[in-house]
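Visitor: I'd like to go through this one with you and ask how each label is earned. Could you put it up first?

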2 protein chains.
Amino acid sequence: MSLLTVGTVAFDSIETPFGKVDKVIGGAATYILWAASYFNRDLQLVSIIGDDWPNEEIMALQQRGVDTRGLQIKEGEKSFFWSGRYHDNMNQRDTLVTDLNVLADFDPALPEGYQNTPYVMLGNLTPEIQMAVIKQMEQRPKLIALDTMNFWMDVAMESLLQVIKEIDVLIINDEEARQLSGEYSLMKSALKIFTLGPKYLVIKKGEHGALLFHEHDVFFAPALPLLEVKDPTGAGDTFAGGFMGYIAESDDVSFQNMKRALIYGSAMASFCVEEFSLDRLQGVTEQELDDRVGQFKRLVHFDI
Amino acid sequence: MSLLTVGTVAFDSIETPFGKVDKVIGGAATYILWAASYFNRDLQLVSIIGDDWPNEEIMALQQRGVDTRGLQIKEGEKSFFWSGRYHDNMNQRDTLVTDLNVLADFDPALPEGYQNTPYVMLGNLTPEIQMAVIKQMEQRPKLIALDTMNFWMDVAMESLLQVIKEIDVLIINDEEARQLSGEYSLMKSALKIFTLGPKYLVIKKGEHGALLFHEHDVFFAPALPLLEVKDPTGAGDTFAGGFMGYIAESDDVSFQNMKRALIYGSAMASFCVEEFSLDRLQGVTEQELDDRVGQFKRLVHFDI
């Protein structure tokens, strides 16, 4: 089934202890779609760019099954630009530059055919834009997932709570889950967040894996210990893209299937961090993906 | 088979966001032995206390199968005392007081019958004391595990490297693995640490679980998301105690069996943190332990 994604399409300049890149392809929607495309070729994009974004990258997305009619291109304007520097421990980063550019006046408009899409992934953006997308849906999607960040909790908590009320799966990191719930125990955070609307909570913990909560069930997908981690940028989006791409393709929202989706999301994220930008994510083979899922199995399998 | 443990037997005063306790039972060896005693009742203790340590606690250890002939009692002196305060995030703590007391002149002496013990757990102590225990062994134990901390890397790296050369399993946290190896990737840390002597590396990540490395194999035991975490003190020792207690009892040092041991160690640690001191750890039933291991299985089981 088709998956609609709203999110940024952007340029990034990134510095990590392992290298530095300038004005490379980035953006939450870009990572989400590339990851999702390994499972699902019926994808829709809602975003905005300037005329500086390379046309061949749009064509590359189209070749991965992405309908780009919802991608607005503003002539004479610049695409969203983000620049950041990671600390030595790679779990923390400083934002150096955030140039909203075209994003400042982004008013998402769903083209014909997007309004009945059964699976929706709302990438990290202002809660107002996320809500505007939900409002344009003609029928309630089977599953709406939303990614957000602490910044929106700090500056737009009320709008965020409104949109969170409308969704099924909230995807945030552990610090954000604690901030949103006011609870230190992630188990308690989950139970509290369920009272805000979502029926599922995914807590991303970066190099420490990810947790999926539903009612009183909990599932944990580890992160694979890797020899090389060059750049964590986009890992969370890639994870969400693999997760939602897999669910939409299988059209199965059972907890059992979401567990599989969490593993596939984690596998895609493990590729993402091995290189800067989309350098690794654009060239994963089916065999490599199978091998990596096998590594996840062996990583946690025990016999008691 | 029997397990020899050297480590502190101490009093702790602890403050966490969830409470405060004063001069309660603590110490690395105490936690190790209690955890190990759920699997193994052939235990030996090498440590030192003053005449202030409660006799009933020594008797309680004896009832759990601990040979306490190696526990020196110094009349007119005080037991080791540690006091600490945990930050809101529970992953960090400040040491408020460290009174070495009897520990200042501790010269471990192995009583008759300890010198041929096949399994040895060297709790976190000065590398010199850890080495003194190894030197008193008459035949090379089947498996020697060693726990240490960043403090000894800062002040006694040379002695630490000497004792690390003599052991089989090094048990440290992720930050310490990075400090010891100079590598950020835990996978690379493991490969580097293997060149220092150990054939196995266990990396404890607290609420994020634990990794076991051996040659090019890696296994991950998650930490159970808990509703209540009151006090993390002793969790690492409890984990090590469950791990080594299980291995010694099964007398099986295969990687497959160590995976099981890692899960049992994690299960014991999950009980430890639910209350202060030994309050939870002293009263775990067989059924509770089985149930908890079942929770670990469900936590990571997926079907791909």
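Visitor: Okay, how do you know that the copies meet through the same surface?

Guide: Keep in mind that this is a predicted model. Compare the interface residues: 100% of those in chain A are interface residues in chain B too, so the two copies use the same surface to meet. The contact draws 28 residues from chain A and 28 residues from chain B.

Visitor: Which elements of chain A supply at least two residues each to that side?

Guide: They are α7 (186-194), β14 (217-221), α9 (255-272) and α10 (286-300) of chain A. The most comes from α9(A), with four residues.

Visitor: And what is the side of chain A that touches chain B made of, by class?

Guide: There are 19 nonpolar residues, three polar and six charged on that side of chain A.

Visitor: What makes the relation between the chains that of a two-fold axis?

Guide: Look at the operation: chain A superposes on chain B by a rotation of 180° with 0.0 Å of shift along the axis, at an RMSD of 0.0 Å. That is what a two-fold axis does, so the relation gets that name. If you want to find the axis on screen, go to A:H208, whose C-alpha, at 3.0 Å, comes closest to it among the residues of chain A.

Visitor: Why is chain A called as compact as a globular protein of its length?

Guide: Chain A has ten helices and 14 strands. Its radius of gyration is 18 Å, and the globule rule gives 19 Å for 304 residues; the two values are close, so the description holds. Along the principal axes, the C-alpha atoms of chain A fill a box of roughly 60 × 40 × 35 Å. Buried residues account for 50% of the 304 in chain A. As for contacts in chain A between residues at least 6 apart in sequence, 68% of them join residues at least 24 apart.

Visitor: Let's pick single residues. Why does A:I171 count as buried?

Guide: The cut-off is 20 or more other C-beta atoms within 10 Å. A:I171 has 29 such neighbours, so A:I171 counts as buried. You'll find A:I171 in strand β11 (residues 169-173) of chain A. Leaving out residues up to four places away in sequence, A:I171 touches A:A145, A:L146, A:D147, A:V202, A:K204 and A:A240. A:Y200 is 29 residues away from A:I171 in sequence, with 8.7 Å between their C-alpha atoms.

Visitor: Over in chain B, what makes B:G265 buried?

Guide: Same test, with C-beta atoms placed from the backbone. B:G265 has 31 other C-beta atoms within 10 Å, so B:G265 is buried. Its place is in helix α9 of chain B. Beyond residues up to four places away in sequence, B:G265 touches B:F239, B:A240, B:G242 and B:F243.

Visitor: How do you know that the length of helix α9 of chain B agrees with its number of residues?

Guide: Helix α9 (residues 255-272) of chain B has 18 residues, which at 1.5 Å a residue should span 26 Å; the end C-alpha atoms are 25 Å apart, so the two agree. α9(B) is also mostly covered, with 15 of its 18 residues buried.

Visitor: Finally, what are the confidence scores?

Guide: For the model, ipTM is 0.92 and pTM is 0.94. In chain A the mean pLDDT is 96, and 100% of the residues reach 70 or more.

Note on methods:
Residues are numbered from 1 along each chain as its sequence is written. Chains are lettered from A and ligands numbered from 1 in the order in which they are written. This is a predicted model: local features need pLDDT of at least 70, side-chain atom pairs count only at pLDDT 80 or more; totals for chains, interfaces and linings use all residues. Two residues are in contact if their C-beta atoms, placed from the backbone, lie within 7 Å. Ala, Val, Leu, Ile, Met, Phe, Trp, Tyr, Cys and Pro count as nonpolar, Asp, Glu, Lys and Arg as charged, and the others, Gly among them, as polar. The expected span of a helix is 1.5 Å times one less than its number of residues. A residue is buried if 20 or more other C-beta atoms lie within 10 Å of its own, exposed if 12 or fewer, and partly exposed in between; C-beta atoms are placed from the backbone. Copies are superposed by least squares on the C-alpha atoms of residues with pLDDT of at least 70 in both. pLDDT is the predictor's confidence in each residue, from 0 to 100. The radius of gyration is taken over C-alpha atoms; the globule rule is 2.2 Å times the number of residues to the power 0.38.
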